[in-house]
Amino acid sequence: MKKLLLFLLPVFLVTFSKAQYFQTGQDPASIKWRQINTANFQLIYPDYYEDKAQKLAAIMEAVYPKIGTTLHHKPKKISIILHTQTVKSNGLVAWAPKRMEFYTIPNQGIYAQEWIEQLAIHESRHVVQIDKVNSELPKIVKAILGEQGTALVFGAYLPWWFIEGDAVVTETAFSNSGRGRFPSFLVEHRALAVEKGNYKYDKAYNSSYKNYVPNHYQLGYYLVGSSRERYGPDLWNSVLNNVGSRPFSLAPFNKALKENIGLTKVQLYNSVFDSLKTAWEKEDKNYKQEKLKIISPKKKVYTNYRYNHWLNDSTIISYKTALNRIPSFVRINLKGDEQKIHQPGTIFDESVNYRDDWVAWSEQVPDLRWEHSGQSIIRLLNLTDNKVYSLNTEFTALTPSISADKTKIVVVESDFSSNFFLSVYEISTGKLTSRFKTDADNYFFSPEWLNNNEIVAVILTKSGKHFCKVNLKTSKIEILNEDDLGEIKNLKVINDEIYFVSSYTGKDALYVFNLIDKTILQIYEPRFGLESPAFYKGSDKFIVSDLTSDGLRLIELDLKNFKTKEIENISKKEYSLADKLTEQEPGIFDFSVIDSSSYQSKKYNKYAHIFNFHSWAPLSIDADNYEFSPGVSFLSQNKLGTASLNVGYEWKTDEKAGDFFAKYSFKGWYPIIDLEVNTGKRAYNNYTIIDNIQDRNGHIISSDTTQKRITWNETDLGADVRIPFNLTRGKFTRYLQPEIRYDYKLYSNSSEPDILYNGNYQSFTYRLYFQQILKRSYQDVYPNFGFVNDFMYRHSPTGDTDIGNLTLEQLYLYLPGILANHGIRIYSGVQDKNSSTGHTFSEAIRYPRGWGKANTTRAYSFAFDYKLPLFYPEWNVGGLIYLQRVKASLFTDYAKLQGNLYKNGEIVGTFNEGISSLGMELTGDSNFLRFYSPVEIGFRASYLPEKKDVYFDFLISVDFNSF
């Protein structure tokens, strides 16, 4: 078995290199960086973030002594890179190279704890996980592979539900909140179990194209948390010890579970969720469902309706998302008829607002060049004329709210230094009219206009989330309630009352808060959960989004039919699992008493840290092309993700020769610069030579055919400069990339100079690539609309040999198919080549499938594909393969080729031929060995009419975007 795993090691290295040597992107080049070095962390951050970096350094040092308690491990020092200009809210830990990355701007969906505190706890637990595996690994693994050895073992053996579930358990256990006390995080498995039953393990872990499946954070919390409750906090310590110390065993994770609790991970899943299902069904039987009026049309595919609004007494506006459709605003009447209104871009969570016939939302817009930058734009849609208007804010702005007179809009803003504001802008001019910030820099949620001068909102404090009232004229703030109501969101102000959603009872339910007497009443508690209430003026009717296992449906509530309850008479939810997890830890973090002393900071010179060698391998690895060969590789990537280098030696087994290589990429400036060099020996091992024996008159009287090894030295140099422009706006993904490349090839020291060329080729390539693609739904096989235009020109104005020029124009067009999620792709290309010698550029145009390439002077190419999903089998074969979806593609290709016929380097004629192919591709979306990234695997059958023959090809690709 060890021999088998050693044989598979190169395959895993290529696979994980694609996933682990990743760069999350680059920050703007204008940023000046500083660093703080503490005992256990190095913080690297923009110079303007000094105050918050000092605070974060203290938080990280406070977290460090306790965060690894139940895993019995304290990790070694690690770097943290702070991305302060991105509009994403996220964090990650990577190990090749080793670092943490924090995206510092919070979002409207965070639980009741400061965002950087959440990041500190959750991501630090990931550091403990990986560093513990690293500490247990045999030294030989790290000696041979470097940091990628740890990443390989960690990613290959630990399921993502454990990795993220353990971190969610930790964030819950060390705080008074966390996602383990977040009903909207917990409820999806509950609704699924009660209404449909639990999915099998492979579907629950590897997801599905047919049904919605809760993510591995949710799955992992239940599995890791419940197993700690049952078997104690030391279980996962034993598992990680086993995984780290036995990297050459077949299934160390499963084996450790079996040894400790007598269950495999599949058996553990079945045991935990069978117990949860029984408990949930018992609780569900005690729920008395009121008679409801369902408004949204029933869908066969998982669909959500959120962010609701009464346009008039018979029409509702909602934001619809589904597995088989891209998101859109829709108009629904009370009969359930639905009409699409507008397809927006990427909307931030909890950032849609309405006022009469106006819709406002905050939309994410990427930076033109930098992945770790971007902006938010406030969009306003007039439902009367369907026109969309834009308002640019100074900082990242979320959850807009339109004033009653529709002249102003209030937003929650965050600047690059993590200062948080309530800001008001004029809609007509975009002018900032007022801005409010608390002394403690509290974060706000869900602002709503109380009157022309006052805003009510949710404010995050050390004691949780509370209602507050802000007077924009006096800049005074008033906290309206002291009691902990759990998660509160979706505020709607009607006269002197605030209608809102709260998790007080463990379900997201509808409540009302009276601003005069401060009383709180529960209006309606759903079966599972609700959100996005919409109230119709002059009536007692509400529309809410009601959670089911098939998504959020729209239901109508008539308040006259419900008996309200005072909150004092309702029991507050106790999260028993979360509380037991807290008892297993040394105590909840109290960040109010962290060390406030200042840490010494100094400049971080990004150019002095260009090289950071983190991994190596006894193989030559080309992760971009999924290739490996005998040799050696050394890999470097700097901590800011702006420079990477791969150097080594490759032995070509087919040639019995090798060369040295170096590939360098620098992305720290606006243009991306790639440099590449290869130099060494090349060979033809069986070059056929025909020796002709002639008589006195020059007639051939005999021929002797021999095969000979021919060698030569070859040096290849390449330099590429490109600028990737991200022009994505709205529902279209747009990308523009101009590119210039220089290549130099030198051939020398040929063992047969009369046969092989000695000299150099030089060439320049100019390329302009543009795409505009409609965003795809989860079930789409192709985009429903879009095009790609690719223009390229190559020539060789310098060098010993003129190899002419090549011009190529290619176009891809995407169109919708006959049925939903079917797709059409059409390709056309034109190529011209000219050369005054027998040496010329290789073919760049696409050829019909099944055909080899020729040497042409002009070529036309056309291809047509019709692709569709056939069925969703969700078959599992003993954990070896999980087949989610089967797709088919019918295609036909044609090319017209024109070129010269050569003899002894001279043109002796021309050819003008048409070639074609038609056939079918059958592929399946699968997961192998329960590895999280899906693999598309299948075959192609091509019939070539001109040859009257059929060819078969094996197809395989891995989707690493799932990480």
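A residue is called buried when its relative accessible area is under 20%. The legends below describe close-up views of a predicted model.

**View 1. Helix H7, residues 183-195, and its surroundings**. Of the 13 residues in H7, eleven are buried, and the helix is thus described as mostly covered. These buried residues are Pro183, Phe185, Leu186, Val187, Glu188, His189, Arg190, Ala191, Leu192, Ala193 and Val194. Their packing partners are helix H6 (160-173), helix H9 (216-231), helix H12 (265-285) and strand S28 (541-548).

**View 2. The length and the end of helix H7**. At 1.5 Å a residue, a helix of 13 residues should span 18 Å, and the end C-alpha atoms of H7 are 18 Å apart, so the two values agree. Gly197, which follows H7, has a positive phi, near 90°.

**View 3. Helix H11, residues 252-261, and its buried side**. The buried residues here are Pro252, Phe253, Ala256, Leu257 and Ile261. They lie on the same side of H11 because they cover an arc of only 135° around the axis. An α-helix has 3.6 residues a turn, so residues three or four places apart point the same way. The buried residues of H11 pack against helix H5 (147-157), H6, H9, helix H10 (235-245) and H12. Just after H11 comes Gly262, with a positive phi of about 80°.

**View 4. The hairpin of strands S21 and S22**. Strand S21 (residues 464-471) and strand S22 (residues 476-479) run antiparallel and are joined by four bridges. Val470 is placed opposite Ile477 in S22. Four residues lie between the two strands of the hairpin, and in the turn Ser475 has a positive phi of about 55°.

Methods: Residues are numbered from 1 along each chain as its sequence is written. This is a predicted model: local features need pLDDT of at least 70, side-chain atom pairs count only at pLDDT 80 or more; totals for chains, interfaces and linings use all residues. Side-chain values use heavy atoms; hydrogens and water are left out. The expected span of a helix is 1.5 Å times one less than its number of residues. Buried means under 20% relative accessible area, exposed over 50%, partly exposed in between (1.4 Å probe, protein chains only). Contact means heavy atoms within 4.5 Å. The arc is that of the directions from the helix axis to the C-beta atoms. Two strands pair if DSSP finds at least two bridges between them.
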